[in-house]
Each structure stands twice: as structure tokens, then as C-alpha cells.
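Student: I'd like a close look at one part of this model, the packed interior. Could you take me through it slowly, and then work outward from there?

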Amino acid sequence: MHKSFAKGAAILGGMGLISKLIGAVYTIATTYIIGTHGMSYYTTAFPVYTFLLAISSAGLPVAISKMVSERVAMHDYKAAYAVFRKAMKAMIIIGFVTTVLMMALSRPIATILGRPDASLAIKAIAPSLFFVAIISAFRGYFQGMQQMLPTATSQIIEQIVKVVFGLLLSWLWIGKGEIYGAAGAVLGITISEAFAFIYLLIRYRV
């Protein structure tokens, strides 16, 4: 059990480090494409996203993992699955509500933060809250089952897809203006979460 824990921790730690490095490269490349002014729209949308993300999913993967692992330890796999199902239903509702709120209030939020034009970027990143909420349930379930690789792999997928689509869309849309360039960059985040969700769903079904 200790070996399994150490292996899982090493996988998550290693993949987490790689994700951080890719994220740093992404930020530098995005700044180069949309400029510092365009990044001001990006940095207006992203903190709002992280704030709502903290509300919607902070600590939940750990809680789900703990409840699942407790039942697995007792070889009650039916109960572990029931925990996951209930958690998934709750996360779908939370993700949907936070996404709708973020999209509906994008203009007031952007205005309060002093960047009314950043509302487009806020709308572009809002759907990612829905995917992240569901991803949290999947990751908690897999970790509770002592399977760390799906979580680690999904993190790498997030970063790679974010780099590819974020840079591509920001490069394609910057011609319309910095507002659109920033929206393309944050839309890359939403697309990356969608890909991570699809991967985890397939892994779960398999």
C-alpha cells in the first residue's frame, strides 16, 4: 500500500510539474501574440474564473476520493460507485449554475473590475466551469480507487490542448482586435477542459 501511495504521489507530482512548465510557456507565448493590453483582458477574466472554480470544486476531489477509498478498503465497491454517482450529480448542478451565472453576469463583473470589454473573455471561459466540476468528480473517483494515472494524464491533456487551441485562436482572432485575441486565448482553456472531460469519460467507461 505504501508503494502504491508513493507511486501515485510521484506520478501526480511529476505530471503536475510538467503542467506548470507548459503553462508558463503558454503565458509567455500568449503575451507575445496578444500583447500586454490584450493580456489585461485575459487577466481580468482568469481571476473571476479561478474564484468561481474555487467555490465550485475546491476540496471536492479530495473529499470524494476519501469517501470512495474508505468503501473500497471495505471491499464495498457498490457503495463506492454510489458515492461517485451522487457526487457526479451534485457537480453537474454546481457546474451548470456557476457557468450560467458567470455568463449572465459577465458584463457587470467586467465593468466592476474596470474592463467592460473583458466581458467577451469572461463568457469564453465560463463553460469551462461546467467541465471542471465534472472532472473533479472523475478525479476524486479515480484517486479513491488508487488510480492516479487518469488524473495526471488529464492534466497533461489540459495543458497541451490549451497551448494548441489557445495560441491558435488568439493568433487567428487578434486581427479583429485585442479583445478577440484575449477571448481566443481563454477559449483555449474551455476547449482544454472539454478534452480532459472526454478523456476521463472514456477512461471511466473502459
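Student: How many residues does the largest nonpolar core have, and which of them have the most contacts inside it?

Tutor: Happy to. Bear in mind that this is a predicted model, so take everything below as a reading of that prediction.

Let's set the scene before going inside. The protein chain has eight helices and zero strands, so reading from the N terminus you simply get α-α-α-α-α-α-α-α. Of its 206 residues, 44% are buried.

Now the core itself. The largest nonpolar core has 23 residues, and the ones with the most contacts inside it are Tyr42, Tyr49, Met102, Ile125 and Val186. Who supplies it? Helix 1, helix 5 (119-125), helix 6 (128-144) and helix 8 each put in at least two residues. Helix 1 gives the largest share, with eight residues. As background, nonpolar side chains in soluble globular proteins tend to be buried together.

Met102 is a good one to zoom in on. You'll find Met102 in helix 3, and its relative accessibility is 0%, which is why it counts as buried. Look across from there to Lys123: the two residues are 21 apart along the chain, and their C-alpha atoms are separated by 7.0 Å.

Back to helix 1, which spans residues 2-57, since it's the big contributor of core residues. Two of its residues are worth a stop. One is Ser40, which sits in this helix and has 13% relative accessibility; with under 20% as the limit, it therefore counts as buried. A polar atom of the Ser40 side chain lies 2.4 Å from the backbone oxygen of His37. The other is Phe46, also placed in helix 1. Phe46 has a relative accessible area of 30%, so it comes out as partly exposed. Its C-alpha atom is separated by 9.8 Å from that of Ala126, a residue 80 positions away along the chain.

Next, how the helices lie against each other. Take helix 3 (residues 77-104), the one that carries Met102, and pair it with helix 6: they pack at an angle of about 165°, and their axes are 7 Å apart. That angle is why helix 3 is described as roughly antiparallel to helix 6. The crossing of this pair is right-handed.

There's a second pair to set beside it. Helix 7 (residues 149-173) packs on helix 8 (residues 178-205) at an angle of about 150°, with 7 Å between the axes. The label needs an angle over 145 degrees, so helix 7 also ends up roughly antiparallel to helix 8. Helix 7 passes helix 8 in a right-handed crossing. As for what lines that contact, its residues divide into 17 nonpolar, eight polar and four charged. Helix 8, you'll recall, is also one of the helices supplying at least two residues of the core.

Finally, move out to the loops, where two residues have backbone angles you might want to check by eye. His75 lies in the loop between helix 2 (60-73) and helix 3. His75 isn't a glycine, yet it has a positive phi of about 60°. At 60% relative accessibility, it's over the 50% limit and so counts as exposed. Then there's Gln146, in the loop between helix 6 and helix 7. Gln146 has a positive phi as well, near 65°, again in a residue other than glycine. Its relative accessibility is 43%, so Gln146 counts as partly exposed.

To pull it together: start from the 23-residue core, follow helix 1 as the source of its largest share, and then trace the two right-handed crossings, helix 3 with helix 6 and helix 7 with helix 8. From there, step out to His75 in the loop before helix 3 and Gln146 in the loop before helix 7.

Key. Residues numbered from 1 in each chain as written. Predicted model: local features only at pLDDT ≥ 70, side-chain atom pairs only at ≥ 80, totals over all residues. Heavy atoms only, no water. Axes fitted to C-alpha atoms, helices over the stretch in contact; angles between N-to-C directions. Helix = DSSP H or I, 4+ residues; strand = E, 2+ residues; numbered from the N terminus. Parallel < 35°, antiparallel > 145°, perpendicular 65-115°, else oblique. Left-handed = near helix turned anticlockwise from the far one by under 90°. Nonpolar A, V, L, I, M, F, W, Y, C, P; charged D, E, K, R; others polar. Buried < 20%, exposed > 50% of the residue type's maximum accessible area, 1.4 Å probe, protein only. Polar contact = N/O pair within 3.5 Å; in protein donor to acceptor, adjacent residues only side chain to side chain. Core = buried A, V, L, I, M, F, W, Y, C linked by side-chain atoms within 4.5 Å.
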